[in-house]
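Colleague: I should like to go through this structure step by step. May I put some questions to you?

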Amino acid sequence: MLTYAFCDCRSGNDDKPGVPQGLASFYCPVSMELMSDPVMVATGHSYDRTCIQKLLEQGNRTCPVTGLRLRHLELTPNIALRNAIQVSSSSTDPAAGRLHA
């Protein structure tokens, strides 16, 4: 089984107050950070764009979650996931006061 070195593409929000604690699918499986620009690879799994791009630039051609070889290297924006993260972030922000759609 392939293993990946930790991708240090984190935003620097380590355990800071105010960082929303969302669902597991809101976090990049490579960096374990809340995704700001989620994209899907050929296997259908989502990653934060900066992390998966870094892995692809290093020559990795397999999905970090499944270990399957990627049929293509196209990154598809996961708009639904990005919107869900944004709604969750704004609903957990005490300054927001209410859920924003």
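Modeller: The questions and answers below concern one helix, the core and one loop residue. This is a predicted model, in which local features need pLDDT of at least 70 and side-chain atom pairs count only at pLDDT 80 or more, while totals for chains, interfaces and linings use all residues. Residues are numbered from 1 along each chain as its sequence is written, and side-chain values use heavy atoms, with hydrogens and water left out.

Colleague: Which residues of α1 are buried?

Modeller: Helices (H or I, at least four residues) and strands (E, at least two) are DSSP runs, numbered from the N terminus. Buried means under 20% relative accessible area, exposed over 50%, and partly exposed in between (1.4 Å probe, protein chains only). By these terms, the buried residues of α1 are Cys-51, Ile-52, Leu-55 and Leu-56.

Colleague: Against which strands do the buried residues of α1 pack?

Modeller: Contact means heavy atoms within 4.5 Å. The buried residues of α1 pack against β1 (38-40) and β2 (46-48).

Colleague: Is Val-65 buried, exposed or partly exposed, and why?

Modeller: Val-65 belongs to the loop between α1 (49-57) and β3 (76-77). Because its relative accessibility is 37%, Val-65 counts as partly exposed.

Colleague: Which residues is Val-65 in contact with, beyond its neighbours within four places in sequence?

Modeller: Ser-46 lies 19 residues from Val-65 along the chain, and their C-alpha atoms are separated by 9.4 Å. Leaving aside neighbours within four places in sequence, the contacts of Val-65 are Pro-29, His-45 and Tyr-47.
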